[in-house]
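Q: I have a structure open here and would like to talk it through before going back to the bench. Could you take my questions as they come?

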Amino acid sequence: MVNAGTVILKKGKEHSIERYHPWIFSGAIQQSTGSLTDGCWVEVLSYKNKRLGFGHYQKGSITVRMLHFGADEPGEHFWENKFRQALQLRRSAGLPTETTNAFRLIHGEGDGLPGLIVDYYDGVAIVQAHDAGMHEDRHRIAEALQKALSPALQTVYYKSHGTLPGKMRDEHYNEYLSGMSAVPHIVAEHSKKFYIDWEEGQKTGFFLDQRENRRLLGEFSAGKTVLNTFCYTGGFSVYALEAGAQLVHSVDASEKAIQLTRKNLELNGFDAEKHACYAIDTFDFLADKHHAYDVIVLDPPAFAKHRDARHQAVRGYQRLNAEAMKVIRPGGVIFTFSCSQVVDRQLFYDTIVSAAIQAGRQIKVLHHLSQPADHPVSIFHPEGEYLKGLVLFVE
Ligand code: SAH
């Protein structure tokens, strides 16, 4: 790793870094030396000149994202070692398995690599950079992935067009860094099959974070009428039908998402009579109240990406949940989620309580849901927990 310079912290600002918190805010910096440009590596020192570690530099509120803690140098095998450690964590959590060959390999801060996401789809790695440093290092990352995942890895695709900071976004940053695989590509998740299209699909092509929650939905679906809103690839719908749902309706505002859902339902060989897809806004669909459902899934996109949008987001969650609570059959079950990082677990819970008050229904909480083990959260970086869910029984 080539360091472009040094950042010296103000007195007292070393403590959070010594506790492995990965972010250095601009206000914590006393002085910087060298020719620092966005995306370069920097050495981080305490006010007493003690080496605290190394990170990526980028002008802005978070100025350094730590990649390596302690006095020793990151070393030439830095990336490969990080990927091997990440793989070891997944293996300890039982991934991949005979029946699941798609998982998240790198989950940013949770894997000690702020700004980097890598999703693995049976031989294909999709790399997503959220900052200039990961963008600058993309070829090193691709090379190290090849080594760490050899011989299984065939293709590395870089997909950062939508995730890099504003000024970098204009340029086209979606490309194959090594190999090439045709899309759509088929993966297995708990023996269910899914088409993945990283070139055209949202995010890296699939929402791996709902794997265990989709499986749990199956346990509630036999013989039931299920509504899957914000369905995207139809993940929850596939699990519900597999588990013997009587009828499944899938709803998404995007026509492309609905086509993907149809293809995935077909791929898994379900009887077409048992499902219907609607390309429509969920709020409009619920307002229609044409159908009664036993089970409803509410998995909207992040209603708030920033703190200042939080109030608006909370109102969105409240309205959505209240509508679902009003239309569900007595004895029905709602799977409700929020993936907004700025809406924490307590706030989400409180929002559901006010939705229940608004709907005037008796409700019991059956499960508290979260993100799976391949989306780990560093204990020193609780901000990494973003997916919250509740399973509700509506009397
Ligand atoms: N549940 C999915 C992931 C949901 S992603 C899974 O398990 O994979 C969120 C989806 O919501 C996207 O597909 C997006 O097209 C859709 N969406 C966004 N706003 C919507 C709205 N108002 N009504 C319906 N769908 C919407």
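Q: Let me start with β7: how many of its residues are buried?

A: This is a predicted model, and in it 6 of the 6 residues of β7 are buried, so the strand is largely enclosed by the rest of the structure.

Q: Which sheet does β7 belong to, and in what order do the strands come?

A: The sheet is open and has 5 strands in the order β7-β8-β9-β10-β11, with mixed pairing. β7 (102-107) and β11 (174-178) are the edge strands, and each has a single partner, so one side of each has no neighbour within the sheet. On average, neighbouring strands of this sheet are turned by 20 degrees against each other, if direction is ignored.

Q: How does β7 run relative to β8, parallel or antiparallel?

A: β7 and β8 run antiparallel and are joined by 5 bridges; within that pairing, isoleucine 106 stands opposite valine 118 of β8.

Q: And on the other side of β8, how many bridges go to β9?

A: Strand β8 (residues 116-121) is joined to strand β9 (residues 124-129) by 6 bridges, and these two strands run antiparallel. Aspartate 119, for example, has isoleucine 126 in β9 as its bridge partner.

Q: Which helices pack on this sheet?

A: Helix α2 (residues 78-92) packs on the sheet and touches β7 and β8, with its direction at about 130 degrees to that of β7. Helix α4 (residues 138-148) also packs on the sheet, where it touches β7, β8, β9, β10 (155-159) and β11, and its direction makes about 45 degrees with that of β11.

Q: Back to aspartate 119: what does its side chain meet in a salt bridge?

A: Its partner is arginine 104, and the N to O distance is 2.7 Å. This pair links distant parts of the chain, since aspartate 119 sits in strand β8 and arginine 104 in strand β7, 15 residues apart.

Q: Are those two buried or exposed?

A: Aspartate 119 counts as buried, at 0% relative accessibility, and arginine 104 is buried as well, with a relative accessible area of 13%.

Q: Switching topic, what is the order of strands in the sheet that holds β4 and β5?

A: That is an open sheet of 6 strands in the order β2-β6-β5-β4-β1-β3, again with mixed pairing. Its edge strands are β2 (23-25) and β3 (29-34), each of which pairs on one side only, and the twist from one strand to the next averages 35 degrees.

Q: How are β4 and β5 joined?

A: Strand β4 (residues 41-45) and strand β5 (residues 51-57) run antiparallel and are joined by 5 bridges, with leucine 45 having arginine 51 in β5 as its bridge partner.

Q: Which strands does α2 lie across here?

A: α2 lies across β4, β5 and β6 (62-69), running at about 80 degrees to β6.

Q: Which residue does arginine 51 meet in a salt bridge?

A: The side chain of arginine 51 meets that of glutamate 73, at 3.3 Å from N to O. Glutamate 73 is in the loop between β6 and α2 while arginine 51 is in strand β5, 22 residues apart, so the pair links distant parts of the chain. Glutamate 73 is partly exposed, with a relative accessible area of 47%, and arginine 51 is partly exposed at 24%.

Q: What about a salt bridge within α2, where does arginine 84 find its partner?

A: Arginine 84 meets the side chain of glutamate 80 at 2.8 Å, N to O; because they are 4 residues apart in helix α2, about one helical turn separates them. Arginine 84 is partly exposed, with a relative accessible area of 40%, whereas glutamate 80 counts as buried, at 14% relative accessibility.

Q: Last topic, aspartate 299: where does it lie?

A: Aspartate 299 lies in the loop between β17 (293-298) and α10 (310-327). Aspartate 299 is buried yet has no salt bridge, and the nearest side chain of opposite charge, arginine 214, is 6.3 Å away.

Q: What does the side chain of aspartate 299 make a polar contact with, then?

A: It makes a polar contact with the side chain of glutamine 210, at 3.2 Å. Leaving aside residues up to four places away in sequence, aspartate 299 touches Gln210, Thr229, Phe230, Phe236 and Phe337.

How values were computed: Residues are numbered from 1 along each chain as its sequence is written. This is a predicted model: local features need pLDDT of at least 70, side-chain atom pairs count only at pLDDT 80 or more; totals for chains, interfaces and linings use all residues. Side-chain values use heavy atoms; hydrogens and water are left out. Two strands pair if DSSP finds at least two bridges between them. Axes are lines fitted to C-alpha atoms, for helices over the stretch in contact, and angles run from 0 to 180 degrees between N-to-C directions. Contact means heavy atoms within 4.5 Å. Buried means under 20% relative accessible area, exposed over 50%, partly exposed in between (1.4 Å probe, protein chains only). Lys and Arg count as positive and Asp and Glu as negative; His and the chain ends are not counted. A salt bridge is a side-chain nitrogen of Lys or Arg within 4 Å of a carboxyl oxygen of Asp or Glu. A polar contact is a pair of N or O atoms within 3.5 Å; within protein, one must be able to donate a hydrogen and the other to accept it, and residues adjacent in sequence count only if both atoms are side-chain atoms.
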